[in-house]
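Q: I am new to this structure and would be grateful for a close look at one part of it, followed by an account of what surrounds that part.

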Amino acid sequence: MWQTTSRRLAWLAMIVPVLLAPATASARGTKAPKDARVYIITPNDGETVTGAFWCRFGLRNMGVTHAGDDFAGTGHHHLLIDVDETFEAGQEIPRDKKHIHYAAGETEARLELSPGKHTLQLVVGDSRHLHFDPPIASEKIMITVARPNASEEQARVSRNTGGRRAILERAAPGEPQQLHPEVTPDMTKSPESSDFISRVLTGTK
Ligand SMILES: [Cu+2]
């Protein structure tokens, strides 16, 4: 009897560490795909941008997918603005104004930052927004955001509005600028209008 119990204990001592091992591994996050590399395509390190700008995300040797999708070798981008921190495998990526999650699988973002110097860095998170093992992070770049002067701002507005500009300029000052007449629910659903349609269809007056 005693011998059986001690044998069981010995067996448990062998098997328990084996059972616990996978749990320890998963706590450190998803294994990073081999040679995965994330990088910022634009802007360039040291670049000065004026006003709003596009930041484009590059990723090699792995794929981009939605947060929550658990396909092998995929993740989603996170842009870190003015963040100075070290990353740990399996650590959850914070969710705030400085840690932006691109959970729909976006590969670029239009940013508008306050004038001055800012750092940008990309990190890739797994389906549960955790850092990979090891963490996949880009080089951190430093950019300068210049305040647009009045004439540049005018030119930018003109470029962005394109064909709509001529229409907008015809609106009288102070009047709401409306490109399409509004269709209210009343116009399509009123009893009078449906009555009118049924009279037309049936030929009654
Ligand atoms: Cu995320």
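Which residues coordinate the copper ion, and through which atoms?

A: The model described here is a predicted one. The copper ion is held by four histidines: His 76 and His 78 each coordinate through NE2, while His 101 and His 129 each do so through ND1. The coordination distances run from 2.0 to 2.1 Å.

The geometry of the site may be considered next. The angles among the four donor atoms of the copper ion range from 90 to 154 degrees, and the site is irregular. A tetrahedral arrangement would require that all angles lie between 85 and 135 degrees, so the value of 154 degrees does not fit that class. A square planar arrangement would require opposite donors to be over 155 degrees apart, and the angles here reach 154 degrees.

Along the chain, the donor residues follow the spacing H-x1-H-x22-H-x27-H. The leading pair in this pattern, His 76 and His 78, is buried at both positions.

The loop between strand 5 (74–81) and strand 6 (99–101) deserves attention as well. Asp 82 is found in this loop. Although Asp 82 is not a glycine, its phi is positive, at about 55 degrees. Asp 82 counts as partly exposed because its relative accessibility is 30%, a value between the limits of 20% for buried and 50% for exposed.

Asp 84 lies in that loop too, and its side chain meets that of Lys 140 in a salt bridge, with N to O at 3.2 Å. Lys 140 lies in the loop between strand 9 and strand 10 (141–146), so the pair ties together parts that are 56 residues apart in sequence. The two partners differ in accessibility: Asp 84 is exposed because its relative accessible area is 73%, whereas Lys 140, at 34%, is partly exposed.

Strand 9 (residues 131–137) contains Pro 134. The peptide bond that leads from Asp 133 to Pro 134 is cis, with omega near -5 degrees. A cis peptide bond is also found from Thr 42 to Pro 43, where omega is near 0 degrees. Pro 43, in contrast to Pro 134 in its strand, lies in a loop, the one between strand 1 (37–42) and strand 2 (48–50).

Strand 1 also belongs to a sheet. Three strands form this open sheet in the order 1-3-7, with antiparallel pairing. Its edges are strand 1 and strand 7, each of which pairs on one side only. From one strand to the next, the twist averages 25 degrees.

Within the sheet, strand 3 and strand 7 are joined in the antiparallel sense over four bridges. Among the bridge partners, Phe 53 is matched with Leu 111 of strand 7, and Trp 54 is matched with Arg 110 of strand 7. The faces of strand 7 can be told apart: Ala 109 and Leu 111 form the covered face, whereas Glu 108 and Arg 110 form the uncovered one. Leu 111, the bridge partner of Phe 53, is thus placed on the covered face, and Arg 110, the bridge partner of Trp 54, on the uncovered face.

Glu 108, on the uncovered face, forms a salt bridge with Arg 56, the closest N and O atoms being 2.7 Å apart. Because Glu 108 lies in strand 7 (residues 108–111) and Arg 56 in strand 3 (residues 53–60), the pair ties together parts that are 52 residues apart in sequence. Both residues fall in the partly exposed range: Glu 108 has a relative accessibility of 34%, and Arg 56 has a relative accessible area of 33%.

Finally, the stretch before strand 1 holds a further salt bridge. Asp 35 is placed in the loop between helix 1 (2–27) and strand 1. The side chain of Asp 35 meets that of Lys 34 in a salt bridge, with N to O at 3.2 Å. Both Asp 35 and Lys 34 are exposed; for Asp 35 this follows because its relative accessible area is 52%, and exposed means over 50%. Asp 35 has a positive phi of about 60 degrees although it is not a glycine. The structure holds four salt bridges, including those of Asp 35 with Lys 34, Glu 108 with Arg 56 and Lys 140 with Asp 84.

How values were computed:
Residues numbered from 1 in each chain as written. Predicted model: local features only at pLDDT ≥ 70, side-chain atom pairs only at ≥ 80, totals over all residues. Heavy atoms only, no water. Helix = DSSP H or I, 4+ residues; strand = E, 2+ residues; numbered from the N terminus. Buried < 20%, exposed > 50% of the residue type's maximum accessible area, 1.4 Å probe, protein only. Pairing = 2+ DSSP bridges. Axes fitted to C-alpha atoms, helices over the stretch in contact; angles between N-to-C directions. Donors = N, O, S within 2.8 Å, 3.2 Å for Na, K, Ca; no water. Tetrahedral: all angles 85-135°; square planar, octahedral: opposite > 155°, others 65-115°.
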